[in-house]
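Biologist: I have a model open and want to learn how to read it. Can we go through it feature by feature?

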Amino acid sequence: MRLYLSSYRLGEAREQLITLMGGSGKVAIIENALDLYSTRHRLEHRLQIYDPYKEFANLGLEVIEFDLWLYQEQRNKLYEALKSFDLIWVLGGNAFVLRRAMKQTGFDSVIHDLLAQDSLVYGGFSAGAVVTGPTLKGIDIMDSPNQVPNGYDPSIIWDGLGLIPYNIVPHFRSLHPEADLAKQAAKYMADKQLNFKAMQDGDVIIFENNLSRYICATQ
């Protein structure tokens, strides 16, 4: 299993991400955590603030937008489509919206199969990293679980994907608008004795061959 989990954007280990991928490859960018926002809003954000497609293209990678929602209740088609990629990169946004998309399309089971086969790397930041843990309990301090895009099942999914054995709190002690909320989420998890890691923006967690390493941005 190969994972590259970042607090914000690509973090401070880009070279190690490329190495994890084998030096090159094709990237599927999943934006479903942003499905609360209009297409226009997302394009404006991409043009004015942050463009993940450009970031990966500058690294010499082929980048394709991949909308999970197009595969609602089509698990087999989703599996066939995703297995052609070398990296699945899941953007930040609302973790509960993202988790709903993963559940309703069967991504949550497909990704387990693909990672078990070691056919690709799962990567993501913020919400894309948060959903890899055991639970979303405490993340509701940062993201509203009650905001639901049209067509989504309103039921709240508290279980994470269970790819890693602890929860992730992104943007901790960072120059990020959600830094204060991250502090509150970390306190909640500590009070509830949940196993978690609070990540500062720039930090990266890499899993490979059943081993993990933590790249700290401040070191």
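Modeller: Start with a helix, and keep in mind that this model is predicted. Buried means under 20% relative accessible area. In α5, the buried residues are Ala95, Phe96, Val97, Leu98, Arg99, Arg100, Ala101, Met102, Gln104 and Thr105.

Biologist: How many of the residues of helix α5 are buried?

Modeller: The count is 10 of 11, over residues 95-105. Helix α5 is mostly covered.

Biologist: What covers the buried residues of α5?

Modeller: Look for elements in contact with them. The cover includes the helices α4 (75-82), α6 (107-116) and α7 (127-130). It also includes the strands β4 (87-90) and β5 (121-125).

Biologist: And the two ends of the helix?

Modeller: Take the N-terminal end of α5, which asparagine 94 caps. One of its side-chain oxygens lies 2.8 Å from the backbone nitrogen of phenylalanine 96. Just after α5 comes glycine 106, with a positive phi of about 85°.

Biologist: Which residues other than glycine have a positive phi here?

Modeller: First the general idea. Most residues other than glycine have a negative phi. Now two cases. Arginine 173 has a positive phi of about 50°. Arginine 173 sits in the loop between β6 (167-169) and α8 (179-191). The other case is asparagine 209, with phi near 55°.

Biologist: Is arginine 173 buried or exposed? And asparagine 209?

Modeller: Exposed means over 50% relative accessible area. Arginine 173 has 68%, so it counts as exposed. Asparagine 209 has 56%, so it is exposed too.

Biologist: Where does asparagine 209 lie?

Modeller: It lies in the loop between β8 (204-208) and β9 (211-215). These two strands form a hairpin with two residues between them.

Biologist: How do I read the pairing of β8 and β9?

Modeller: Check the direction, then the bridges. β8 and β9 are antiparallel, with five bridges. Glutamate 208 stands opposite leucine 211 in β9. β8 also pairs with β1 (residues 3-6), again antiparallel, through four bridges. There, tyrosine 4 faces isoleucine 206 in β8.

Biologist: Why is β8 called largely enclosed?

Modeller: Because four of its five residues are buried.

Biologist: Where is histidine 171, and what does it touch?

Modeller: Histidine 171 is in the loop between β6 and α8. A loop residue can still be covered: histidine 171 has a relative accessible area of 1%, so it is buried. Leaving out residues up to four places away in sequence, histidine 171 touches several others, including Ser7, Tyr8, Ser126, Met142 and Asp201.

Biologist: What about cysteine 216?

Modeller: Cysteine 216 lies in the segment after β9. Its relative accessibility is 21%, so it counts as partly exposed. Now compare sequence with space. Cysteine 216 and glutamine 200 are 16 residues apart in sequence, and their C-alpha atoms are 7.9 Å apart.

Biologist: Last topic, pockets. How much space lies in the largest pocket?

Modeller: About 730 Å³. Its lining has 33 residues, and the closest to the centre are Leu34, Tyr37, His45, Gly92 and Gly93. The elements giving two or more residues to the lining are α2 (39-48), α3 (52-57) and α7. The largest share, four residues, is from α2.

Biologist: What classes of residue make up the lining?

Modeller: Sort them by class: 17 are nonpolar, 10 polar and six charged.

Notes
Residues numbered from 1 in each chain as written. Predicted model: local features only at pLDDT ≥ 70, side-chain atom pairs only at ≥ 80, totals over all residues. Heavy atoms only, no water. Buried < 20%, exposed > 50% of the residue type's maximum accessible area, 1.4 Å probe, protein only. Contact = heavy atoms within 4.5 Å. Polar contact = N/O pair within 3.5 Å; in protein donor to acceptor, adjacent residues only side chain to side chain. 1 Å grid on protein atoms, 1.4 Å probe; cavity = no way out; pocket = protein on both sides within 12 Å on 5 of 7 lines; lining within 4 Å. Points joined across faces, edges and corners; volume = space filled by probe spheres on them. Nonpolar A, V, L, I, M, F, W, Y, C, P; charged D, E, K, R; others polar. Pairing = 2+ DSSP bridges.
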